[in-house]
Amino acid sequence: MKKYDTTVGFAITGSFCTFDKITHVLEQLVEDGAHVIPIFSVNAQTLDTRFGQADEFVERIEKITGHEAIRTIEGAEPIGPKGYLDVLVIAPCTGNTMAKLCNGITDTPVLMAAKAHLRNEKPLVISMSSNDALGMNLKNIGMLMNMKNIYFVPFGQDNYMKKPNSMIAHVELLGETIEEALKGKQLQPLVRSPF
């Protein structure tokens, strides 16, 4: 994504194994001139895992973006009435988050941000990371694909031998996906070869 004067909300949920990948993409967005506001789900900002310490990760993202993260539902709600985001990205977006988004549930800062942002009829970009994308979550993905102003980063199976229902976004295509979403278009092809 080479530009700009674009304000991007960058919402992070708990697919911890993808945090390194999305951090590099986030750095590229900032380097290319995007004004990035980080938003964290409760799990992403509080759970320490084998992939790292939560407080260190939040601090790193805030340093990259130069902005204090939105960490609460109350903090995310003004995104709607103030309308200050051009695009909202959820990366990574877990199957749990997709299921709740599909059903209008707003019980995390990320989901409130999505609800608030969509009311302004601006693009929401989903960068999926789900072990059950081709299982229990497939119907939710299909429904989200048919909702106005929702776009997906192209995705594929990440380990079809050991995890046949798992799919993950090609995060390197996030910038291109944002550019197309801002024009009201879905980047194609949407389903790509396995990793």
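This short presentation covers the strands, a pocket and two helical residues of one structure.

Good morning, colleagues. Please keep in mind throughout that we are looking at a predicted model.

I begin with strand β4, which spans residues 124-130. Is this strand enclosed or open to its surroundings? Seven of its seven residues are buried, so β4 is largely enclosed by the rest of the structure. The burial applies to both faces of the strand. On one side we find Leu 124, Ile 126, Met 128 and Ser 130, and on the other Val 125, Ser 127 and Ser 129, every one of them buried.

Which strands, then, pair with β4? Let me take the partners in turn. Strand β3, residues 87-93, runs parallel to β4 and is joined to it by four bridges. Within that pairing, Ile 90 stands opposite Ile 126 of β4. Strand β5, residues 150-152, is also parallel to β4, and here the bridges number three. Val 125 has Tyr 151 of β5 as its bridge partner. The connection between these two strands deserves a remark: β4, helix α8 (residues 138-145) and β5 together form a β-α-β unit, and that unit is right-handed. Finally, strand β7, residues 167-169, is antiparallel to β4, with two bridges between them. On the β7 side, Met 167 is the bridge partner of Ser 130.

From β4 I move across to β3. This strand is mostly covered as well, with seven of its seven residues buried. Val 87, Val 89, Ala 91 and Cys 93 point one way, while Leu 88, Ile 90 and Pro 92 point the other way. Ile 90, just mentioned opposite Ile 126, therefore belongs to a set of residues that are all buried, a term that here means under 20% relative accessible area. β3 also pairs with strand β1, residues 7-12, through four bridges, and the two run parallel. In that pairing, Val 8 is matched with Val 87 of β3.

I turn next to the largest pocket, which holds about 230 Å³ of space. Fifteen residues line this pocket, and the closest to its centre are Phe 19, Asp 20, Phe 51, Gly 52 and Phe 57. Two elements, α1 (19-31) and α3 (54-65), each give two or more residues to the lining. Which element gives the most to the lining? The answer is α3, with four residues. In chemical terms, the lining divides into eight nonpolar, four polar and three charged residues.

Each of those two helices offers one residue for a closer look. Phe 19, in helix α1, is among the residues closest to the pocket centre. Phe 19 has a relative accessible area of 9%, and is therefore buried under the 20% cut-off. The C-alpha atom of Phe 19 is separated by 25 Å from that of Asp 5, the two residues being 14 apart along the chain.

In helix α3, I would point to Thr 65. Is Thr 65 buried or exposed? Its relative accessible area is 10%, so Thr 65 is buried. A polar atom of the Thr 65 side chain lies 3.4 Å from the backbone oxygen of Glu 62.

To close, I return to the two central subjects of this talk. β4 has both faces covered and is joined by bridges to β3, β5 and β7. The largest pocket, for its part, draws on α1 and α3 for two or more lining residues each. Thank you for your attention.

Key
Residues numbered from 1 in each chain as written. Predicted model: local features only at pLDDT ≥ 70, side-chain atom pairs only at ≥ 80, totals over all residues. Heavy atoms only, no water. 1 Å grid on protein atoms, 1.4 Å probe; cavity = no way out; pocket = protein on both sides within 12 Å on 5 of 7 lines; lining within 4 Å. Points joined across faces, edges and corners; volume = space filled by probe spheres on them. Nonpolar A, V, L, I, M, F, W, Y, C, P; charged D, E, K, R; others polar. Buried < 20%, exposed > 50% of the residue type's maximum accessible area, 1.4 Å probe, protein only. Pairing = 2+ DSSP bridges. Right-handed = clockwise from strand over helix to strand, strands pointing away. Polar contact = N/O pair within 3.5 Å; in protein donor to acceptor, adjacent residues only side chain to side chain.
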